[in-house]
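Trainee: I'd like to go through this one label by label and hear the reasoning behind each. Can we start?

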Amino acid sequence: GSASPQTCLASLKAQAHPDPTAQWVLGLCLFWGPVISAGLEADPESSVSWFRRAAAQGHAGAQFSLGLCYDLGRGVERDAALAVEWYRRAAEQGHAGAQNNLGFCFRDGTGVGKDLRVSAEWFARAAEQRLASAQNNLGICYRDGIGVEKDVSRAVELFRSAAEQGHGFALDNLKWMSV
């Protein structure tokens, strides 16, 4: 038979002491719990502990995950400035999800001063990696002239690229633009 979620967690914990990737994966299991496996309980506080260990070793995925914890207030007190700090660390290593989330932080002025140009730059960095949600977000920037000069043809190009990856909002944006 297959191993129980608890057996898998025990195995991950044994591997996690020297390995930041195992620490991050263990944190993800504890963060998501039953979403990952039936019978696995979520333990957000423990997930944060494992994310911190891996993030301290420079693991971009763990840094992004830690930013998400601070952004959502899951396992820690919500702290937008710390979310930005951890997103930035991951984003500077090329983590597309962190780059996209930084785009939102700068767009909304959450945890950082509002700066629409910088917001669009972060969306662009993530979009260059073909992250569909970032392509859609950057498309909105170009469609509406938010942080960039308005360029409808560039917006359509970005929406199409995101829609081809199955991004529903990008498909809606194309329909609304009647293209």
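**Labels and their cut-offs**

Mentor: Let's begin with a charged pair: E157 forms a salt bridge with R154, with 2.6 Å between the closest N and O atoms. Keep in mind that this is a predicted model, where local features need pLDDT of at least 70, side-chain atom pairs count only at pLDDT 80 or more, and totals for chains, interfaces and linings use all residues. Residues are numbered from 1 along each chain as its sequence is written, and side-chain values use heavy atoms, with hydrogens and water left out.

Trainee: What makes E157 and R154 a salt bridge?

Mentor: The term asks for a side-chain nitrogen of Lys or Arg within 4 Å of a carboxyl oxygen of Asp or Glu. E157 and R154 have their closest N and O atoms 2.6 Å apart, so the pair meets the 4 Å limit. Side chains of opposite charge can pair when their charged atoms come close.

Trainee: Where do E157 and R154 lie?

Mentor: Both are in helix α9 (residues 152–164), 3 residues apart, about one turn of the helix. Helices here are DSSP runs (H or I, at least four residues), numbered from the N terminus.

Trainee: Why is E157 called partly exposed?

Mentor: Buried means under 20% relative accessible area, exposed means over 50%, and partly exposed is in between (1.4 Å probe, protein chains only). E157 comes out at 49%, so it falls in the middle class. R154, at 27%, is partly exposed as well.

Trainee: How many salt bridges does the rule give?

Mentor: The count comes to 6. Among them is R107 with D108, at 2.7 Å from N to O. R107 counts as partly exposed at 32% relative accessibility, and D108 is partly exposed at 41%.

Trainee: What does R89 pair with?

Mentor: R89 forms a salt bridge with E85, the closest N and O atoms being 2.9 Å apart. Both lie in helix α5, 4 residues apart, about one turn of the helix. R89 is partly exposed at 37%, and E85 is partly exposed at 34%.

Trainee: How do you know that the charged end of R89 sits over the ring of W86?

Mentor: The rule wants NZ of Lys or CZ of Arg within 6 Å of the ring centre and within 35 degrees of the ring normal. R89 is 4.2 Å from the centre of the W86 ring, so the distance part is met. R74 is listed too, lying over the face of F31 at 4.6 Å from the ring centre.

Trainee: On to the rings. How many aromatic pairs does the structure hold?

Mentor: There are 4. One of them is F64 with Y87, a tilted pair at 5.8 Å centre to centre and 35° between the planes. It links distant parts of the chain, with F64 in helix α4 (residues 60–72) and Y87 in helix α5 (residues 80–92), 23 residues apart.

Trainee: Why is the F64 and Y87 pair called tilted?

Mentor: Rings of Phe, Tyr and Trp (its six-membered ring) pair if their centres lie within 6.5 Å; planes under 30 degrees apart count as stacked, over 60 as edge-to-face, and the rest as tilted. An angle of 35° is neither under 30 nor over 60, so tilted is what remains. As for cover, F64 is buried at 17%, and Y87 is buried at 0%.

Trainee: What makes F104 and F123 edge-to-face?

Mentor: Their planes are 80° apart, with 5.3 Å centre to centre, so the angle is over the 60 degree mark. F104 is in helix α6 (residues 96–108) and F123 in helix α7 (residues 116–127), 19 residues apart. F104 is partly exposed at 26%, whereas F123 is buried at 1%.

Trainee: Why is C69 in no disulfide?

Mentor: A disulfide needs two cysteine sulfur atoms within 2.5 Å. The closest cysteine sulfur to that of C69 is in C29, 14 Å away, so it is too far for a bond. C141 is in no disulfide either, with the sulfur of C105 nearest at 14 Å. The count by this rule is 0.

Definitions and conventions: Helices (H or I, at least four residues) and strands (E, at least two) are DSSP runs, numbered from the N terminus.
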